[in-house]
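The following exchange examines how descriptive terms are justified for a structure. Each answer sets a value against its criterion.

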Amino acid sequence: MPRWFYQLASPRWCYQITGRLLPGFAIAAVLLLMIGTVWGLAFAPPDYQQGNSFRIIYLHVPTAYMAQSIYLTMAIAGAIGLIWKMKVADMVAKSCAPIGAALAVLALATGAIWGKPTWGSWWVWDARLTSMLILLFLYLGVIALNSAIESESTAAQSTAVLALVGLVNIPIIKYSVDWWNTLHQPATFKVTEKPAMPPEMWIPLLIMVIGFYCFFAVVLMLRLRNEILRRERRTSWVRELLLQMRG
Amino acid sequence: MNAQRKQRLTLVLVIVLGASVAVGLTAYALSQNINLFYSPSEIYMGEAPKDTRIRAGGMVVEGSIRRDPTSLRVEFDITDYAHATTVEYTGILPDLFREGQGIVAQGMLAADGRLIASEVLAKHDENYMPPEVAEALARAGKMPPMPEAAKGY
């Protein structure tokens, strides 16, 4: 295992490195999200079928990507916590859950708002929408289980197992539109093919996606730093840090 | 990696694989129920149940839309390019409804194989493009014409 992997295990080192990384990611998130929003909502061309209502794609797709990416992050962090008994990994997993849940709600809400004018229905029980709803319930389950168990390490272990079991839902969400008949259209972006939209449409979308990743990094680091301080409050370095802040 | 960590890693892999196999088998067993709609071919083969609400999905056949001039009743055929099903619907169709568009209709199959729909949803594909590009493609004869609804935007 490389050295940085063991450094990550140190809450103090993590606290310091995230403190240094935060401003950069925060600036990148604000800039990218602002550029992407204005470009996508005002300057990208309308769709030939849906007109301007297609512009909600600039929120819907990034939030849906994030909801899944964050789940993956949470499950991997949970697995590292289980295998290496790494406290910081447990804290990362715990910090991920509420962010992911919020973005899953946003993805579902923007999808419903988009579905009403284009499909003619707010909600349809097709495989894509249902598996996405299950993802939200998994997040809520992880949050509830984590807060129901008093012991930090038992809570982390149980939620990691739940997160790993729920991991099977991620490929189901991704491939639901290919495996079954769904109302939701298949993916516009595929790794192997050119995107099914012109560059003036997908460049702002890409900017939004990267912006949302930066936003996630910022919120995760903020939550993680709080969690580190809370859990390590009895250690000497946190006490010294707090004294410094006051002084 | 020491023996204990290896053991825990194996445990994690077993959890993930076990869950995948369990869910995979369940999804496979339920695959017909997970499908949102029946295709016209499945209806033709008699795979769709009668006497219960089902959904049928397919492309609206060009020139098949027949409107009743005195009411909102409309009839059209949907196809999966192998077989076709006639759909009868009374109500307002979604904006994206047009010939050549994919739709999903919910309703009951009548004895003569027609679907008496209570809800019609429009399905759109994953291709997005600006109107000018669509018009250029339409002129070249590669695209269906613009839908009525999109012209208003």
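Q: What makes strand 3 and strand 4 of chain B a hairpin, and which residue in the turn has a positive phi?
A: In this predicted model, strand 3 and strand 4 of chain B form a hairpin with four residues between them. Tyr81(B), in the turn, has a positive phi of about 70 degrees.

Q: How do you know that strand 3 of chain B and strand 4 of chain B pair?
A: Pairing requires at least two bridges between two strands. Seven bridges join strand 3 (residues 73–79) of chain B to strand 4 (residues 84–90) of chain B, so the criterion of at least two is met. The two strands run antiparallel, and Asp77(B) has Thr86(B) as its bridge partner in strand 4 of chain B.

Q: What makes strand 4 of chain B and strand 6 of chain B a pair, and do they run parallel or antiparallel?
A: Three bridges join strand 4 of chain B to strand 6 (residues 115–123) of chain B, and pairing needs at least two. These strands run parallel. Glu88(B) stands opposite Ile116(B) in strand 6 of chain B.

Q: Why is helix 4 of chain A called oblique to helix 6 of chain A?
A: Helix 4 (residues 87–118) and helix 6 (residues 152–166) of chain A pack at an angle of about 60 degrees, with their axes 10 Å apart. That angle makes helix 4 of chain A oblique to helix 6 of chain A, because roughly parallel is reserved for angles under 35 degrees and roughly perpendicular for 65 to 115. The crossing of helix 4 of chain A past helix 6 of chain A is left-handed.

Q: Which residues meet where helix 4 of chain A packs on helix 6 of chain A?
A: Helix 4 of chain A brings Asp90(A), Ala93(A) and Lys94(A) against Ala156(A), Thr159(A), Ala160(A) and Ala163(A) of helix 6 of chain A. By class, this contact has four nonpolar, one polar and two charged residues.

Q: What makes up the side of chain B that touches chain A, by residue class?
A: The contact takes 37 residues from chain B and 38 residues from chain A. On the side of chain B, helix 1 of chain B gives the largest share, nine residues. The residues on this side divide into 25 nonpolar, six polar and six charged.

Q: What pLDDT does chain B average, and where does pLDDT stay under 50?
A: Chain B averages a pLDDT of 84, and 92% of the residues score at least 70. Over residues 145–153 of chain B, however, pLDDT stays under 50. For the complex, the predictor gives an ipTM of 0.76 and a pTM of 0.87.

Conventions:
Residues are numbered from 1 along each chain as its sequence is written. Chains are lettered from A and ligands numbered from 1 in the order in which they are written. This is a predicted model: local features need pLDDT of at least 70, side-chain atom pairs count only at pLDDT 80 or more; totals for chains, interfaces and linings use all residues. pLDDT is the predictor's confidence in each residue, from 0 to 100. Two residues are in contact if their C-beta atoms, placed from the backbone, lie within 7 Å. Axes are lines fitted to C-alpha atoms, for helices over the stretch in contact, and angles run from 0 to 180 degrees between N-to-C directions. Angles under 35 degrees count as roughly parallel, over 145 as roughly antiparallel, 65 to 115 as roughly perpendicular and the rest as oblique. A crossing is left-handed if the near helix is turned anticlockwise from the far one by less than a right angle, and right-handed if clockwise. Ala, Val, Leu, Ile, Met, Phe, Trp, Tyr, Cys and Pro count as nonpolar, Asp, Glu, Lys and Arg as charged, and the others, Gly among them, as polar.
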